[in-house]
Amino acid sequence: MPGLAPGATPGALPDATPDSVPEPVADLASLGAPAVAAPAVTPVAAPGVGADATMVLPPMPLDPPDLPPVAAPAAVLAPVAAALPIPDPPARPPAVPAPSTPAGPPVPVVEPLFAHAPGLNWAGPGDLPQPPAGGTPMSRAWALQALGDARPAQVAAPAPDLRNAAGQPPTARDIELIRTSLAVVEPVADRATAHFYALIFLHHPEIRALFPAAMDVQRDRLFRALLMAARSAGDPEGLRTYLSALGRGHRRYGTLTGHYGPVGECLVQALARYAGSRWDAETELAWRRVYRLVSSIMIDAAEEAARTSPPWWQGEVVAHELRTRDVAVLTVRPDQPYPYRAGQYAGLETPWWPRVWRHFSFASAPRPDGLLTFHVKAVQAGWVSNALVHRAAPGDVLRLGPAAGAMTVDHAAGADLLCLGGGTGIAPIRALVEEVAAHGAAGRSVEVFYGARQAGELYELEALRELAGHHPWLSVRPVLSGPGASGSGALAGELPEVVGRFGPWAGREAYLSGPAAMVRRGVGVLLRAGVTADRIRHDLVGDLAAG
């Protein structure tokens with residue numbers, strides 16, 4: 001538990017040692033401080049102990065005045081009372097100023113969606129059913145005010161003429177300046193992003209509650225998102241799709257429309273500090289134009305999503321099954337209907353790491369009972385994955401962000417499918433197979449290559465083979481890359497290279513899911529095997545798209 005030393009027991013005090021007792025100050029006047037009278041102490045006989053043994057306890061100034069004093073030997077009381085006289089009680093309680101109320105509109109209240117789940121043991125703000133004594137209802141904690149509504153912006157706003165010029169769409173010259181300045185900032189991206197967040201938290205401390213306690217991953221995501229936006233400027237449709245998903249995903253953090261303005265001002269100041277000689281008035285105008293475009297797309301997407309769905313769902317874990325030492329299959333029941341497609345993923349937040357979200361693919365197609373299935377592997381230093389595998393249990397409640405990802409099947413096209421799943425990357429592949437079975441194959445074939453290092457890691461192989469036994473259009477081939485693959489009945493080698501040996505694959509729709517290195521190698525193999533780039537689907541940018 002936080003605040004306990006290793007090996008300490010919650011609720012128990014550490015053993016006192018003589019070294020832990022502070023030395024008394026013999027002469028306060030010599031230190032320039034006025035003498036302060038200390039309260040007298042009264043020895044009280046401990047229950048069940050002989051009359052000669054006493055425990056020294058401080059007097060209780062709030063006891064009723066008519067209680068008789070506890071008798072004690074004068075030899076003990078006299079020197080103590082002489083050195084430590086009892087101060088008179090105060091005539092009246094100290095004045096306590098009334099809490100200040102910020103100007104502006106009241107903070108909206110967000111009611112919990114899953115208040116009565118048996119495992120609702122949330123560790124972050126916004127989830128205690130009752131407020132502390134004299135406190136604010138905790139359901140308000142995640143409904144922050146829009147910056148600027150309740151307090152003036154602390155970061156200087158641009159001049160009116162610059163603001164008007166920034167309202168114009170970005171030009172090709174603006175995009176060139178953006179990319180040039182990013183190239184200068186990239187070597188010092190860690191310092192630039194740290195400075196950006198320092199500006200935000202210093203001038204708008206209330207926005208700190210939107211972020212996790214550890215900011216290392218968040219800092220990396222910011223700069224990667226900027227790079228992604230800058231590099232996608234030549235593909236307006238792709239950029240809009242990416243930013244729309246980003247805006248919808250940010251709703252789960254409590255991000256409001258009013259946050260975007262101050263964030264943009266702090267971003268411009270941070271870039272100006274670290275872009276060096278590449279920063280001038282023209283570059284600043286380019287950044288303001290691009291940020292205005294980016295923020296407007298994200299705001300529009302978030303506001304559109306707010307009309308039809310909550311910022312997050314809460315789901316109770318109803319089943320938890322360990323398939324291997326570090327892989328668990330979780331079944332989750334959301335508190336209200338949850339729309340998604342096979343092949344997509346969702347962000348999950350656990351009660352043990354508030355505001356830390358990680359993305360996991362759905363391992364089944366949408367079901368009539370509304371239950372969701374996820375395959376989770378505990379990775380080294382993975383906060384969320386280790387909590388889900390080794391700590392979560394039926395009755396615990398998770399938060400789910402909206403579904404995202406474009407690795408979905410076009411059932412009207414009818415093209416044959418080629419699927420590569422490595423490790424827990426088999427989860428969305430399994431969901432895609434289920435969805436094809438539900439819609440009907442309509443003459444298409446589905447080839448699944450399922451890869452792992454050891455045979456014991458192919459935890460979903462039997463279930464896939466059972467599906468193949470019911471559907472002749474489905475074939476499943478296990479692939480092992482570790483030692484001992486040759487006598488296991490599986491194909492030996494790295495998954496992408498094994499798939500390449502079975503080519504060519506021209507005309508196929510290809511789906512890849514698994515470790516990033518495997519997906520990247522797989523894309524190269526498939527391109528060489530005849531699959532066109534527009535027919536290759538994966539979600540390597542998933543952690544950015546969903547925020």
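This is a walk through the model, one selection at a time.

**Start with the whole chain**

Keep in mind that you are looking at a predicted model. Show the whole chain as a cartoon and you have 14 helices and 14 strands on screen. Of the 547 residues, 41% count as buried. Residues 24 or more positions apart make up 73% of the contacts with a separation of 6 or more. If you switch on the surface, its accessible area is about 29,100 Å², and carbon and sulfur atoms own 59% of that.

Now colour by pLDDT. The chain average is 74, with 66% of the residues scoring at least 70. Select residues 1-87: pLDDT is below 50 over this stretch, and the model gives it 43 contacts beyond near neighbours in sequence. Do likewise for residues 542-547, where pLDDT is again below 50 and there are 24 such contacts. Where pLDDT is low, don't read the predicted coordinates in detail. You may want to hide both stretches for the rest of the tour.

**Two helices: α6 and α7**

Select residues 236-250, which is helix α6. Its 15 residues reach 21 Å from first C-alpha to last, close to the 21 Å expected at 1.5 Å a residue. Which residues of α6 are buried? Show side chains for L239, Y242, L243, S244, A245, L246, G247, G249 and H250, and you have them.

Move on to residues 260-274 for helix α7. This one also has 15 residues and reaches 21 Å, close to the 21 Å expected. Its buried residues include Y260, P262, C266, L267, V268 and L271. After α7, click on G276, where phi is positive, near 60 degrees.

**The antiparallel sheet**

Next, bring up the open sheet with antiparallel pairing: 6 strands in the order β6-β5-β8-β3-β4-β7. What stands at its edges? Those places go to β6 (357-361) and β7 (372-377); each has a single partner strand, so one side of each is left without a neighbour in the sheet. Turn the view along the strands to look at the twist: neighbours are turned by 40 degrees against each other on average, direction ignored.

Now add helix α9, residues 383-390, which packs on this sheet. It touches β3 (313-322), β4 (327-334), β5, β6, β7 and β8, and its direction makes about 110 degrees with that of β7.

Zoom in on β8, residues 397-400. Are its faces covered or open? Both are covered: V397 and R399 on one side, L398 and L400 on the other, are all buried. Follow β8 to each of its partners:

- Toward β5 (residues 345-349), the pairing is antiparallel over 2 bridges. Pick L348 and you find L400 of β8 opposite.
- Toward β3, 4 bridges join the two antiparallel strands. Here E316 has V397 of β8 as its bridge partner.

From β3, step across to β4. The two form a hairpin with 4 residues between them, and 7 bridges join these antiparallel strands. Select V317 and V332 to see one bridged pair, with V332 on the β4 side. Strand β4 is mostly covered, with 7 of its 8 residues buried.

Carry on from β4 to β7, which run antiparallel and are joined by 6 bridges. Display T331 and T373 here: they stand opposite each other, with T373 in β7.

**The parallel sheet**

For the last stop, display the open sheet whose pairing is parallel. Its 6 strands come in the order β12-β11-β10-β9-β13-β14. At the edges you find β12 (491-492) and β14 (536-537), each with a single partner strand, so one side of each is left without a neighbour in the sheet.

Add helix α13, residues 516-528, which packs on this sheet and touches β9, β13 (509-513) and β14. Its direction makes about 160 degrees with that of β13.

Finish on β9 (residues 417-422) and β10 (residues 446-452), which run parallel and are joined by 6 bridges. Select L417, and the residue opposite in β10 is V446.

Terms used. Residues are numbered from 1 along each chain as its sequence is written. This is a predicted model: local features need pLDDT of at least 70, side-chain atom pairs count only at pLDDT 80 or more; totals for chains, interfaces and linings use all residues. Side-chain values use heavy atoms; hydrogens and water are left out. pLDDT is the predictor's confidence in each residue, from 0 to 100. Contact means heavy atoms within 4.5 Å. Two strands pair if DSSP finds at least two bridges between them. Axes are lines fitted to C-alpha atoms, for helices over the stretch in contact, and angles run from 0 to 180 degrees between N-to-C directions. The expected span of a helix is 1.5 Å times one less than its number of residues. Buried means under 20% relative accessible area, exposed over 50%, partly exposed in between (1.4 Å probe, protein chains only). Accessible areas come from the Shrake-Rupley method with a 1.4 Å probe; for residues, only the protein chains shown count as cover.
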